[in-house]
Structures are given as structure tokens and as C-alpha cells.
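Student: Could you take me on a close look at a single part of this model, the hairpin, and then work outward from there to the sheets and helix contacts?

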Amino acid sequence: MPAQAPEEASIIIVGGGVIGCSLAYHLGELGQKDVLLLERKQLTCGTTWHAAGLVAQLRATRNLTQLAKYSADLYANLEAKTELATGYKQTGSVSLALTKERLEELKRNVAMASIFGVEAEMLSPSECLSLYPHLNLEGVEGGVHVPGDGQADPVNVTMALAKGARMVGVRILEQVRVTGITQNNGHVTGVETTLGPVKAPIVVNCAGMWARDIGQMAGAKVPLHAAEHFYVVTEPLADLAPNLPTLRVPDEEAYFKEDAGKLLIGAFEKRAKPWGMDGIPESFCFDELPEDLDHFTPILEKAIARLPMLEQAGIATFFNGPESFTPDDRYLLGETPELKNFYVAAGFNSIGIQSAGGAGKALAEWIVAGHPPFDLWDVDIRRTAPFQNNKTYLFNRTKESLGLLYQDHFPYRQYETGRGVRRSPLHPRLEQLGACFGEVAGWERPNWYLNKDQLKSGMEPAYDYSWGRQNWFENAAAEHRSVRNGLAFFDLSSFAKFRVEGRDAKDVLQHVCANDIDIEPGHIVYTQWLNERGGIEADLTVTRLTNTAFLIVTAPGVHQRDWNWLTRHIPEDAHCVATDVTSGEAVIALMGPKTRDFLQTLTPDDLSNDAFPFGTAKTIELGMGTVRAHRITYVGELGYELYVSADMALHIFDTIWEAGQEWGLTPAGMHVLDACRIEKGYRHFGHDISDEDHVIDAGLGFAVKNDKPETPYGHFIGRDAVLRVKEAGAKSRLLHFQLNDPEPLLFHNEPIFCDGEQVGYLTSGNYGHALGASVGMGYVPRASGEKLGDLETKSYEIDVAGKRIPATASVKPLYDPTSARVRG
């Protein structure tokens, strides 16, 4: 133990596992001075030391894949720099499919790999056997080979990173426990330790399974929970082929790693065992957990059947150790919304070795630049909801999240645990109507509904997952037709709603919004919030309620992100207050060409187009109550979003539903909402647009007003970047696509081919029932001076699970391109 800690540092890293040491290394590489890493016991003593050390490359997004590829390159070259071996070797990997559905998933993964720059190839069963000669091929439908995958020694990797960090001046202190986080006026100011306080303007929580506890010291929510994680190591196997690829059999929940003539057999079981509910012992250091043969035996029996050579193998090690898992099986990265300059890198869900190199580099660049180096929304800690830090919730969800890595990644798959936390006031009525609920940010939302015959028969609304047309496909088609041809309602109560008011509210929002929100009260503006690079930080609407009060409405999945962006851009001296009023109002959206005529029968207020045009809002009487009706749509039809006080929501709904029976009023779910918005070309944050996507490339320049007046806080954020691209010309463009074949299904990440060359991938996809085929959106390159119309004349194909399907491309929306239906 050091005699004393320094009085101050420029950056403090809490935790000496692989991610803490990676961050320290990369901060040093970026020239950051006076970086201090504090480890409570010894480096790697939490979970890093017992990791399997697998280094896979292909992840769910392009950027996360690039980070995983960087990890492999880093570990391969670290020894030359530090003279410490990392044990990294490129063995490749083979993943088996034991079902037709898993084979379809692997085919789509291989197509996705090509756009992310990862070499991958499909294998026949016999080709799987040639790469892994010990296999029993019973039930094997095929597989995939990723030759660039590898493995490394977790402890050696960490020690090499630590040495590399020390070589550039980073100070690493072991046996120093952080006991508190200090702060002032919303900014972190340092840490309290067992050796006394240390001041620092930036603190990073890399504390692994202790990260939630460290977060609580700072008042920040870091939702993760430890779980028991099992593997066995055999005695040396005389007949084991050397340098075998890593073998993954996800349908049997197991992986196999060859190392020095032995086999490590690990598992990602469907139902896991959470651990540490009462806290982690202070003495924990390189600890193991008790064996549980009953829990692991079913997986081991399948492993022996898959590799018959294991029948006579001895077990040298039965290991059980804790690792931390997050509610959605993706790690937590970035600045916490609760405290400025308090960052997190934790919750790596048992893929910490493959992630740590890239994640450490990305977070180091984030800290130094003050913003993410590229789109990291998939792992950004702001995606989590505050309630998810609840220990009971985490205990329940962790039973499921550990195994998600190896479960079928079907489209529309829903979590089974930790459900029912947030419910709309309309929830009991929607249950009665046969809603099948999905979950976003804890909200239970109808994704689709049983039809009347199914409801009468007593059928339970439940998913039958598939990569083909799922059991709700025809239900959604009927809902879709009601939206397009008749009258339907959506429950949109989960919308995040922020009220912004005060004499400076207009100027604050003019600074934050790219569009002009200085409009008459009762008008609605669609706008983006941009960063200084012209990237899109938020996509939402602003309704001016009075001269000094505005309502912001955004999606539930970006609730914390948008609230954080808004509140951090309200100047301290501004007379402006933001209030989160999400739970105060339910939202009933009535959509379809019959909507106006129907709603007019329920209110004495004039709903004619002249009295109530598109893009306006007004309070109207309905039933025995009042609602604030917004003439706006996310499905591309005439419609109204009815905002009603939560206490009157059921009365208003019952009034609408009873009157709607003779009009054919149909309940519609989120799957149809998504399909309709893609037909109409409406963007979705996190899929079609992100902080990395320039607003002009996204085709949203119409919502940017460069000439609006400058505010007391300056021009709107991102204005200079918009002007630069307008002058130089955009280099890409988001297009709308429709398959020429009505059978294949699109989801997202399908490669786009233009004139035979791969040029991008779909950011969104769904089935467009009004158009009669699958539709999607995606970015394609745009040459200097190239007209938008020229992009449409090229020949396009979309790769669907290895088959190229001809597609029609359009700059304008494929459905109602002039918005006549919306504005009529």
C-alpha cells in the first residue's frame, strides 16, 4: 500500500481491471498528463482475471464492430511496445446453427459482416467438421467462420496496458479504495479514499461489479448486477488438434476454447444465477464462488454429446466467478447525466476483453474532446432509465440478460423479466382489447393486438418468433389498413414530455433548436437539436403553449438523453425552467382519413382544416372533459394526438372507444406505427439518425433555419457546420427503398448495393402493407455536384440473408410524397 495518495490529478480512474487499464493507456497515448488510476486491491482481481479471453469482432453495429476489431489489433501489437506478452493469437471462430432459424440469423450476420469490414463465410456441415474435426454433426444445419477472431490472456493484456500507461506517465496505485465522490454545483471535484481526498475535475468509474456502488456515491445511476458465470477446463487431451478455432454452439448455450492442449468449456445459460444481492464482500480479491454442478451439468452433458472426445476427459478446473451484466446486455459508456465530468465504463456482460481495447480508446477520445468520437448510442449510459438502477429489478433482469448473448436474436424479441414497471393509464383497457405488450424504457406498450375472433376464442397474445412472417403479421396488416384507409388509435402515453417556461425560454430553445420555434402560441414545430459538428442529438417537436411556455415531445427511448441535452444547455443566468411532465398526461393518437369526421362528432369545437390546420394545437372539449389536441402525425395520415390529464384518461378513452365502434375504430400497435413511419419516410433516432449523421445528409435540411435571428446565447448550435456542408455539398444522402419482390422481409443492417457495388446498409426496415412490399431507409454516397434525382436512377439491390433483391430507391417518401393526406 502506498504511504499516501497525491493531492490532485487531472483525471482519476476508479478500478484496475482491463477497461480501467485500457482507458489509462489511451489517455496517456493522447498526451493527457497527471492521470491517476486507483485500484481497491490488485489489478485484475475482480472479474478480469478469470475471463475466458475471447476476442470476437462482429457486433450489432458498425461502430461497435470497429471497436472490437481495434481491440484485436491492439492486443496483437502491444507486446512490441511494452515487452509484455498478451497471449493474443488469431485462431478464428466457428459458430454452429442447429436450427433453420439460427442458420437464417447467421446468414444475415455474414451479410452484415461484409458492410462492417469483417471477413466471414457461411459453412456447410462438412466444412464445419473440416475446421473443427472433433465435432459430432448431429443436428448441425451449417455454420459461420470468422477467421479474424482470436483469444488473449486477460491478465497479461491488462498488465501490458498498465505498463504502457505507466510508460507515458500514468500513475497506478493499488490497495487504495475509493470511499466517496466529491462534487460541487453539479460537477465532480474528486474522490475520497482510504488514503485521503484527491482532487480532480474528471473522474471515471471503471469499477466493474462495484460500479453501481461507486455511482451511488456520486448520485449517478449505473444499472448493473453481478451473476455467477461458469466454465470448466479439462485435463490435457492427447488427441486434441492444436490451434483450434473458438467453437460456439449457441443453441446449446456453450462455447469451447482450446488452450495449451486443454479445452475450456463455458456457458451463457438461458436462466442465470444473480449474485451479490446483499453487497460484495470488502475482502473480495481473486475470489471464486462455490461450485454448482446441478446448474452446469445440463450444459456439460450437451457439450459432451457435441464433442464425444470429452466422454473420457478429466476435469482439471470447475470454475464459478462473478461478472456484471446490464439490463439490455450492452455495456455502459460515457458521461453520466446526473453529474458533469463523471464518466462510466462498466457492465461488459462477459465480453470485456474483446471490448476493452476499443471502449478504452473511444472513451479516452470522448473525455479529451468533450463529445463521443462517433455514434455510441448503443452503449451510451443515457439510454438507461432511472428505475433500472433498482436492485430488485436488476436481480430479476440479470437472470435473463446473461444468456441473451447466445439466445436467438429474433427481430422484435422482447424481454421476459423485469416487466410491468411503467404502465399507461390506458393499460387495463388495452389488455382487454388483446394487446401484446412490448417494453421500451420500462414502458409497457402494445406492439400488436389480437383480432376480434382471436380475442373471443380466449387466445393469449404472445409472440411466436421467427425470421419469417411472425404470428402477428396478418394482425398488423389489418391494423395498417385501418390506419391508411379508416380510423385507428395508438396509445402514445410513453412519449417523453418536457415543459420549458420562463421569459428566456424562447431564446434558450432558439439556441438549442435548429428550426425556428418563435411561432405563435398554438403552433407546433418539428426540429432537430444539433451538435457543433451538425450531427443530430435529438429529433422532436416543440409546441408553443403561451408566449413563455413550450412543450417538448420526444420518444421514450431517448428520454434521459434529450432531458440531459436540454437541461445542460439552459444557461445558469437564464430565466428558464424545464420540468419533466411525462407521467402527467396520457396521449391517445387518432389516425386515419376518417379521423376528423369521427372526432367532430365528439366535440363542439371546429375541427375543419381552416380552423385547425396541420401543425397546430388547441384545447377542445371531449366527453365530459377537455384534451389538448395536436394536429401532428408519425404515421403519415390525417390525425390528432390527444393529450389528456392522466386522471381523466380512462374517461376520455372510454368515450372515444364507445363512439368509435360504429366507425370501425381499430386499436393499432407499435409495429404498425414503425411500418407506417418508414413508408412515409419519417426518421427514427438511433436507427436513421444519430449524433454522427449530419442533418443535411439525413435529408432534414428543411427543418433547419439558418437565417433565424441570433439569440443572446449565440446562433443555434451547429449552424456553422450546416453552412459548411451546404457550401461544400453533402457527401451522402438517406434514401427510401422498396423491394421489388413482395416476399422478403427487411429489419435493418441489410447491405445496399448500387450498380453492383456495396455502398451502405439499411438503417431501418419493416413491411409496408400499404405499398405491398418491405421498405427501408439507408445512406448512400453522393458525389460532388451530383443531383439528388441522379441517385434515384441508379440500380439498387438489398442483400437479404445472402440474396440480392432488386429495389426501387427514392429521395422523397414512397408513400404520399407530397403529404397531401397529412395536410388535407
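Tutor: Happy to. Strands β10 and β11 form a hairpin, with 2 residues between them. Please keep in mind as we go that this is a predicted model. The two arms of the hairpin are β10, residues 187-193, and β11, residues 196-199; they run antiparallel and are joined by 4 bridges. If you would like a residue pair to centre your view on, pick V191, which stands opposite V198 in β11.

The hairpin belongs to an open sheet of 3 strands in the order β9-β10-β11, where the pairing is antiparallel. In this sheet β9 (178-184) and β11 are at the edges with a single partner strand each, so one side of each has no neighbour in the sheet. From one strand to the next, the twist averages 25°. On the β9 side, 6 bridges join β9 to β10, and these strands run antiparallel. Here a good landmark is G180, which stands opposite E192 in β10. A general reminder for reading such views: in a regular strand, the side chains alternate between the two faces of the sheet.

Now set beside this the other open sheet, which has 8 strands in the order β5-β6-β4-β14-β15-β16-β13-β17 and mixed pairing. Its edge strands are β5 (121-123) and β17 (315-325), each of which pairs on one side only. The twist in this sheet averages 20° from one strand to the next. For parallel pairing, look at β4 (residues 93-97) and β14 (residues 246-249): the two run parallel, with 3 bridges joining them. One residue to find there is S95, whose bridge partner in β14 is R248. At the β17 end of the order, helix α9 (residues 391-401) lies across β13 (225-234) and β17, and α9 runs at about 30° to β13.

From the sheets we can turn to the helices, starting with α1. Helix α1 (residues 18-29) packs with α5 (residues 154-167) at an angle of about 30°, and their axes are 8 Å apart. That angle makes α1 roughly parallel to α5. The crossing of the two is left-handed. On the α1 side, V18, C21, S22, A24 and Y25 make the contact, while α5 brings V157, T158, L161, A162, G164 and A165. Sorted by class, this α1 and α5 contact has 8 nonpolar and 3 polar residues, with no charged ones.

Helix α1 also meets α8: their axes come within 8 Å and cross at roughly 40°. The helices α1 and α8 are therefore oblique to each other. This crossing of α1 and α8 is right-handed. From α1 the contact takes V18, I19, S22, L23, H26 and L27; from α8 it takes G352, I353, A356, G357, A359, G360, K361, L363, A364, I367 and V368. The residues of the α1 and α8 contact divide into 11 nonpolar, 5 polar and 1 charged. V18 and S22 appear in the contact of α1 with α5 and in the contact of α1 with α8.

Further along the chain, helix α12 (residues 473-485) packs with α17 at an angle of about 55°, with 9 Å between their axes. Helices α12 and α17 are therefore oblique to each other. Their crossing is right-handed. A476, E479, H480, V483 and R484 of α12 touch V672, A675, C676 and E679 of α17. In this α12 and α17 contact, 5 residues are nonpolar, 1 is polar and 3 are charged.

Let me finish with aromatic rings. A search of the whole structure finds 32 aromatic pairs. One of them is W377 with F685, an edge-to-face pair with 6.2 Å centre to centre and 75° between the planes. This pair links distant parts of the chain, 308 residues apart: W377 sits in the loop between α8 (352-369) and α9, and F685 in the loop between α17 (670-680) and α18 (719-728).

Definitions and conventions:
Residues are numbered from 1 along each chain as its sequence is written. This is a predicted model: local features need pLDDT of at least 70, side-chain atom pairs count only at pLDDT 80 or more; totals for chains, interfaces and linings use all residues. Side-chain values use heavy atoms; hydrogens and water are left out. Axes are lines fitted to C-alpha atoms, for helices over the stretch in contact, and angles run from 0 to 180 degrees between N-to-C directions. Angles under 35 degrees count as roughly parallel, over 145 as roughly antiparallel, 65 to 115 as roughly perpendicular and the rest as oblique. A crossing is left-handed if the near helix is turned anticlockwise from the far one by less than a right angle, and right-handed if clockwise. Contact means heavy atoms within 4.5 Å. Ala, Val, Leu, Ile, Met, Phe, Trp, Tyr, Cys and Pro count as nonpolar, Asp, Glu, Lys and Arg as charged, and the others, Gly among them, as polar. Two strands pair if DSSP finds at least two bridges between them. Rings of Phe, Tyr and Trp (its six-membered ring) pair if their centres lie within 6.5 Å; planes under 30 degrees apart count as stacked, over 60 as edge-to-face and the rest as tilted.
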